[in-house]
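Here's a quick briefing to read with the model open beside you. Take it topic by topic and find each residue as you go.

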Amino acid sequence: MNIDYQDKEFTCILCNLPFAWTSGEQSFLNDLLQKGKINSITPPKRCAPCRQKRQQENNNFNSGYPK
């Protein structure tokens with residue numbers, strides 16, 4: 001299947017700044033979907049810096065628990 005991906009503009013739900021969901025990111029996720037490595041594709045809600053900040057906060061929170 002040959003899909004013509006287009007960059008899509010979104011607004012981050014945390015910082016309210018615009019960010020692009022690139023055609024390359026969409027293509028990469030579609031490849032993973034086609035290979036069965038992911039179950040679905042959901043457009044992003046957060047920009048890359050806010051995703052990284054949230055991931056770091058989650059890692060810091062989870063690191064406090066004994067394993």
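**The overall picture**

Of the protein's 67 residues, 15% count as buried. Keep in mind that this is a predicted model. The secondary structure amounts to 2 helices and 2 strands, and from the N terminus on the order is β-β-α-α.

**Surface and contacts**

- The protein's accessible surface comes to about 5700 Å², and carbon and sulfur atoms account for 50% of that surface.
- Take the contacts between residues at least 6 apart in sequence: 33% of them join residues at least 24 apart.

**Cysteines**

- If you're hunting for disulfides, the count is 0.
- Cys 12 is in no disulfide, and the nearest cysteine sulfur, which belongs to Cys 15, sits 3.7 Å away.
- Why is there no bond for Cys 47? Its sulfur is 3.6 Å from the closest cysteine sulfur, that of Cys 50, and that is too far for a bond, because the two sulfurs of a disulfide have to be within 2.5 Å.
- Cys 12 is buried, with a relative accessible area of 1%.
- Cys 47 counts as buried too, at 8% relative accessibility, because the cut-off for buried is under 20%.

**The loop between the strands**

- Asn 16 is found in the loop that runs between strand 1 (8-11) and strand 2 (18-21).
- Have a look at the backbone here: phi of Asn 16 is near 60°, a positive value in a residue other than glycine.
- For context, most residues other than glycine have a negative phi.
- Is Asn 16 buried or exposed? With a relative accessible area of 57%, Asn 16 is exposed, since exposed means over 50%.

**Aromatic rings**

- The structure holds 2 aromatic pairs.
- In one of them, the rings of Phe 10 and Trp 21 have their centres 6.1 Å apart and their planes at 55°, so this pair is tilted.
- That pair links distant parts of the chain: Phe 10 is in strand 1 and Trp 21 is in strand 2, 11 residues apart.
- The two partners have their own exposure values: Phe 10 is partly exposed, with a relative accessible area of 24%, whereas Trp 21 counts as buried at 8% relative accessibility.
- Ring pairs also bring in Phe 19, giving a cluster of Phe 10, Phe 19 and Trp 21.

**Helix 1: Gln 26 and Asn 30**

- Gln 26 lies in helix 1 and is buried, with a relative accessible area of 7%.
- Which residues does Gln 26 contact, leaving aside its neighbours within four places in sequence? They are Tyr 5, Gln 6, Asp 7, Lys 8 and Trp 21.
- Trp 21 therefore turns up twice in this briefing: as a contact of Gln 26 and as the ring partner of Phe 10, in a pair that is tilted because the planes are at 55°.
- Asn 30 also lies in helix 1, which covers residues 23-34, and counts as buried at 13% relative accessibility.
- The side chain of Asn 30 makes a polar contact with the side chain of Tyr 5, at 2.8 Å.
- Not counting residues up to four places away in sequence, Asn 30 touches Ile 3, Tyr 5 and Ile 41.
- Tyr 5 is worth picking out on screen, as a contact of Gln 26 and of Asn 30.

Technical notes:
Residues numbered from 1 in each chain as written. Predicted model: local features only at pLDDT ≥ 70, side-chain atom pairs only at ≥ 80, totals over all residues. Heavy atoms only, no water. Buried < 20%, exposed > 50% of the residue type's maximum accessible area, 1.4 Å probe, protein only. Helix = DSSP H or I, 4+ residues; strand = E, 2+ residues; numbered from the N terminus. Polar contact = N/O pair within 3.5 Å; in protein donor to acceptor, adjacent residues only side chain to side chain. Contact = heavy atoms within 4.5 Å. Phe/Tyr/Trp six-rings, centres within 6.5 Å; stacked < 30°, edge-to-face > 60°. Areas by Shrake-Rupley, 256 points an atom, 1.4 Å probe, with all protein chains shown as cover.
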